[in-house]
Amino acid sequence: MVTASSLVYLIGLPLFGAAFLLLIGRKADKWGHIFATAMSAGSFILGLLHFFEMSSRATEDRAITQTLFTWIEVGSFKVDAALLLDQLSICFVLLISGVGTLIHIYSISYMAHDENRRRFFAYLNLFIAAMLLLVLGNSYLNLYVGWEGVGLASYLLIGFWNKKPAYATASKKAFVMNRIGDMGLSFAIMIAFATMGTVLFEGVKESVDRVGTPTLTAIGIMLLIAATGKSAQFPLQAWLGDAMAGPTPVSALIHAATMVTAGVYLIVRSNFIFDAAPTAQLLVVIVGAITLIFGAIIGMAKDDIKKALAASTMSQIGYMIVGAGLGPAGYAFAIMHLLTHGFFKAGMFLGAGSVMHGMNDEVNMRKYGGLRKVMPITFVTFGLGYLAIIGVPPFAGFYSKDEIIATAFNSGGAQGIILGSVTLLGAVITAFYMTRVMVLTFTSKARWDEGVHPHESPVLMWLPMAILAIGSVTAGYLFTQGDALVSWLAPLFAKKEEYDELMPHSVVTVLAITAVIIGVTAALMKYQFKSVDAIAPSDVSLATRLARNDLGQDLFNEAIFMRPGQALTQGLVIVDEKVIDGAVHGIGSMAVGSGATLRRTQSGYVRSYAALILVGALVLLAAIWVVTQ
Amino acid sequence: MDPYNYLYLAALLFTIGAVGVVVRRNAIVVFMCIELMLNAGNLTLVTFSRINGDLNGQVVAFFTMVVAACEVVVGLAIIVAIYRSRRSASIDDASLLKR
Amino acid sequence: MTLTIIMFLPLVGAALLALVPSAQERLVKQVALATTIVVAVATLIKALNFNVENTELQFRQSYSWIPSFGINWALGVDGIALVLILMSVILAPLVILGGWNESEGGRFGVKTFYILILVLETMVIGVFAATDLFLFYVFFEAMLVPIYFLIGGYGSGERAAAAVKFLLYSLFGGLLMLASIIGLFVISGQNGEVTFDITKLSELHTVMSSTTQNILFLGFFIAFAIKAPLWPFHTWLPDAAKSGTAGTSILLLGILDKVGTYGMIRFCLSIFPDASKTFTPVIIVLALISILYGAFLAIGAKDIKRLIAYTSISHFGFITLGIFAMTTQSQSGATLYMFNHGFSTAALFLVVGWMIIRRGSSTISDFGGLQRITPIMAWSFFIAGLSGLALPGLSSFVSEFLVLVGTYTRYPAAAIIATFGIVLAALYILIPVQRALHGETTPGNENLKDLNLREKITIAPVIAIIIFLGFYPSPLLKIINPAAAYIVQQQGYSDPVPTMNGGK
């Protein structure tokens with residue numbers, strides 16, 4: 001069927017699509033979107049073929065590698081351009097190309113009136129290619145190329161409507177904050193090369209036993225920094241909210257389903273490092289737990305539907321990071337939550353796009369309400385995603401989140417109890433803010449502006465939403481059926497340690513469902529059964545105000561990094577001009593000045609010259625006399 | 001007569017010439033003073049020739065005379081040219097090279 | 001075809017140009033362009049014969065020039081020199097084509113402009129190919145003359161002042177170097193026959209006292225640090241880059257400055273290995289300061305050409321760091337960095353030059369919204385910028401990463417500090433991108449024209465090279481690696497071995 005030599009086409013198709021559409025220019029305006037969609041779909045079909053091929057092979061032969069050429073070779077530093085497809089990357093390949101293709105289809109209609117639609121599709125293709133490279137690279141350096149590639153695609157897409165200065169700034173902010181994370185990845189690669197002499201996943205895995213724990217901890221922390229940048233985790237989370245400046249399909253694909261989960265991929269891929277570095281692992285869990293709550297709190301206060309969903313994304317990725325930080329017990333569940341989240345969050349973002357499409361691009365949920373009747377398909381698909389994310393059985397999110405909470409409780413000791421409680425608290429808040437979104441948008445009374453006539457979106461838009469909704473309903477069940485996903489991924493990870501179940505699974509399930517009921521009820525009390533103002537009330541508690549301002553993350557960054565940085569820059573500009581260049585000019589003026597002084601002796605009077613000669617001669621004679629005495 | 005007296009005379013002449021160059025303004029006078037110094041030099045050369053009893057000093061003195069003659073030709077020509085254009089033979093007026 | 005003939009080809013072109021009537025400007029430009037293309041093709045053909053297995057100097061030629069001082073007309077290249085010559089000869093036709101009209105309105109006329117460029121090309125090839133120290137010095141100093149007139153005669157703004165500043169800085173460095181050269185000459189005379197041959201000079205370090213070595217080393221190093229330029233000897237560069245035409249700036253930053261870093265490898269390291277070791281900590285600190293300082297000033301720059309000049313200071317910091325970190329990765333990376341920096345700076349200056357000609361201003365805030373008005377120009381600027389911030393997939397990433405990873409294995413702290421430069425790089429590229437390309441169209445920009453065919457033909461190969469080498473740098477690395485490894489080994493270093501400590 002398909003062999004390893006076709007791996008390159010997984011990336012090649014969308015990459016070709018991007019390059020071709022960008023180079024050919026406006027000539028392709030009429031069919032560029034179809035072309036790009038076909039490239040993405042081609043990638044997906046190829047991915048499916050590989051998946052079937054892979055599942056037909058025995059467990060130990062499932063990973064395949066294609067080496068294209070030697071990329072960099074200097075001394076002992078050798079990195080091939082090589083692709084690795086194993087059980088983990090195939091999950092991502094299917095998610096990326098599958099959800100990606102759906103979003104391509106959706107965008108055909110969503111972006112129909114944009115004069116730069118071709119360019120948009122070229123960027124989408126570029127993103128798919130870079131993201132596939134990220135998950136297919138067989139070394140940290142190959143991953144790094146994809147890692148920054150998705151950053152570039154994300155930059156281009158967030159700033160797609162960069163005519164608005166705020167949007168252009170948002171794209172720049174995202175890129176720069178990502179670069180801080182990338183720096184972590186660079187460090188990790190450098191340390192790995194310096195200590196193990198290789199940057200291949202395989203090579204690093206084999207060397208782990210021979211390297212001291214401090215080194216592994218350092219690598220782990222650096223990888224974690226990289227993950228926090230890309231996955232919008234604390235403390236590098238501030239860019240994600242602003243990234244909603246991009247067109248909504250972008251938010252769905254990049255900033256919900258795929259790119260932001262790259263951090264989770266990185267940690268799970270590096271499981272052998274984290275398993276051997278408990279301190280780094282603990283930090284991973286802490287970062288995940290903080291972000292989980294952080295995002296959820298912000299999500300409660302946001303009136304902008306996309307920003308509320310973005311905060312939710314941040315929080316859900318927090319769950320995944322917690323899962324990934326729990327070691328062999330949690331890796332598979334982190335990936336499971338990642339996949340189910342890919343379905344329901346992408347679906348909800350597309351739903352939000354559909355709502356905006358019908359509401360003249362209004363994003364303020366306080367201006368929505370009552371859309372259930374006018375946009376039934378959007379309501380149903382969004383609703384299914386909603387049920388999935390809050391974790392109502394038997395929807396997808398229930399399975400994946402439940403497992404993470406259970407694993408957290410069972411990680412033992414005080415850590416287990418704290419983590420379990422945090423994840424449960426997160427579940428309560430999630431249920432609250434998602435119900436709030438649901439109520440404000442669909443079920444409360446209409447608060448539309450005048451002249452707004454909401455309508456259902458065309459088929460090209462609701463079809464992808466419907467498919468994703470089916471995924472949101474069934475994915476969790478399918479993945480857990482006979483431990484399908486866990487056993488699929490198991491060969492990649494160390495064996496789970498046997499542990500006593502401190503908290504039986506059934507108890508966790510009851511707790512989780514209780515949490516959901518609490519959250520939903522609270523939200524219904526506050527929003528469904530009371531009238532909602534079309535203008536956000538201003539006499540609110542300090543906590544709400546803080547949450548509306550993203551818990552001061554921007555204020556913090558500006559005060560600690562941006563303004564001192566600007567001051568430093570301005571200071572250095574002055575230093576350069578006045579001190580360093582000033583010193584140079586000072587030497588120049590000194591030469592000029594001494595010249596001006598000495599010039600006075602050049603009076604132009606022959607007699608004075610003659611006198612000087614005379615004096616000089618006498619001095620010379622005197623000198624000779626003194627010397628010869 | 002003691003030949004060293006000629007040396008004292010030459011020194012005296014040279015000093016007069018040097019002082020003349022430094023203090024006088026008239027180009028002609030300065031010029032004559034320069035000649036005086038040259039000739040003081042000649043006198044020394046000849047004197048030493050006499051003291052040492054060979055002809056080297058006298059030969060050099062002839063060279064000096066030739067050079068002095070050439071110098072007079074060029075120098076006077078310059079002075080005349082300057083006088084013609086500036087109506088003055090004062091060397092202080094000819095300080096145009098200052099800038 | 002020997003190196004000498006290739007070297008003199010541009011001079012022949014210049015002589016031909018002298019015969020063309022000045023009034024026929026078009027013909028003048030065509031002859032100049034044709035000459036540089038011929039040189040580029042000849043060099044490429046010659047380079048195909050280069051044996052990458054061999055670490056010795058190749059294509060050697062030596063004729064006695066001034067026998068009484070032991071001065072020879074000696075040429076020869078190793079992988080490092082060859083790569084730099086290749087870069088120079090490929091950039092030269094692009095400079096002429098890209099700045100087709102920028103010679104007009106200069107002080108000395110169109111013809112002189114091209115004669116100066118061709119003369120400069122000869123000297124550049126000479127400076128990289130010379131294996132005789134005296135010959136190198138002659139080219140090193142003579143190079144100043146054409147570039148002085150190019151800045152002073154054809155630039156804009158305070159071009160005369162900038163040209164003089166450049167000249168004085170360079171002469172100051174050159175003078176120190178001359179003193180050191182004379183010192184070496186004398187020492188060579190005291191230990192056998194007088195010679196300027198660099199292979200023979202590189203054996204002298206065994207007989208020099210460490211004080212002598214240090215003093216002579218400083219003479220060379222300061223000259224090269226001014227040329228490169230390294231903090232704090234850099235202030236001539238922004239002025240010169242701002243005042244020169246775009247083409248001049250490419251020649252200056254892209255090619256001439258490389259003589260500084262090349263000189264560090266060829267002379268500082270090989271003639272004074274012990275002094276190099278002594279001064280390595282100081283130099284690494286200077287390189288780190290350059291990296292961060294250049295980046296901060298680029299962020300603060302208001303003029304787009306000054307901005308590029310400051311980014312170059314930062315990049316030269318990386319190159320110097322790579323050279324003195326003394327691992328095969330960092331050394332190869334440094335040379336590759338020189339090559340890549342040539343092209344990425346060329347791309348930036350080409351596009352910026354066109355932007356400035358169209359807008360009549362080089363202040364960043366005068367631009368705005370170019371992406372909608374002139375999409376191709378904006379894209380070219382963007383890609384050139386991405387190359388400046390070393391995005392993976394573009395050539396500069398490979399070299400920057402090699403420098404960092406190589407440095408880390410020996411000096412982890414230095415590599416970590418240098419890595420902060422990559423965050424600053426994102427800022428100094430994306431800030432002008434946002435101001436110039438994004439946002440509303442600012443008044444005065446509405447009617448700017450997009451790139452014409454000539455400009456597209458110029459920028460296309462540059463971008464193609466940047467992208468191609470990003471994915472496939474092997475052809476260059478194959479040339480560079482043996483030479484770089486040889487230098488590291490010659491210095492008595494070997495790569496640090498992975499520090500796995502065998503068990504927890």
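I count two residues as in contact if their C-beta atoms, placed from the backbone, lie within 7 Å. I am working on a predicted model.

**Entry 1: chain C against chain A**

I looked up this pair of chains with that cut-off. On the chain C side I found 46 residues, in contact with 48 residues of chain A. Next I asked which elements of chain C give two or more residues to the side that touches chain A. I noted α12 (273–300), α14 (328–359), α17 (395–410), α18 (412–437) and α20 (474–490) of chain C. α18(C) gives the most, with nine residues. Then I sorted the residues of this side of chain C by type. I got 25 nonpolar, 18 polar and three charged.

**Entry 2: chain A against chain B**

I turned to the other pair. How many residues of chain A are in contact with chain B? I found nine, and they meet nine residues of chain B. On the side of chain A that touches chain B, I noted five nonpolar residues, three polar and one charged.

**Entry 3: chain A by itself**

I looked up the elements of chain A. I found 25 helices and two strands. Along its principal axes, the C-alpha trace of chain A spans about 115 × 65 × 60 Å. Chain A has 629 residues, and buried ones make up 55% of them. I also checked sequence separation. Of the contacts in chain A with a separation of 6 or more, 81% are between residues 24 or more positions apart.

**Entry 4: domains of chain A**

I took the bounds from the domain assignment. Domain 1 of chain A covers 161–556, and domain 2 covers 561–628. How many Å separate the centres of these two domains? I noted 68 Å, taken over C-alpha atoms.

**Entry 5: a helix pair in chain C**

I went back to chain C for one helix packing. Two packed helices are described by the angle between their axes and the distance between the axes, so I looked up both values. Helix α4 (residues 109–129) and helix α5 (residues 133–142) of chain C pack at about 145°. Their axes are 8 Å apart. The crossing of α4(C) past α5(C) is left-handed.

Which residues make the contact? From α4(C) I listed C:Met123, C:Gly126 and C:Val127. From α5(C) I listed C:Phe136, C:Phe139, C:Phe140 and C:Ala142. By type, I noted six nonpolar residues, one polar and no charged in this contact. The polar one is C:Gly126, because Gly counts as polar here.

Key:
Residues are numbered from 1 along each chain as its sequence is written. Chains are lettered from A and ligands numbered from 1 in the order in which they are written. This is a predicted model: local features need pLDDT of at least 70, side-chain atom pairs count only at pLDDT 80 or more; totals for chains, interfaces and linings use all residues. Axes are lines fitted to C-alpha atoms, for helices over the stretch in contact, and angles run from 0 to 180 degrees between N-to-C directions. Helices (H or I, at least four residues) and strands (E, at least two) are DSSP runs, numbered from the N terminus. A crossing is left-handed if the near helix is turned anticlockwise from the far one by less than a right angle, and right-handed if clockwise. Domain bounds come from an automatic or database domain assignment. A residue is buried if 20 or more other C-beta atoms lie within 10 Å of its own, exposed if 12 or fewer, and partly exposed in between; C-beta atoms are placed from the backbone.
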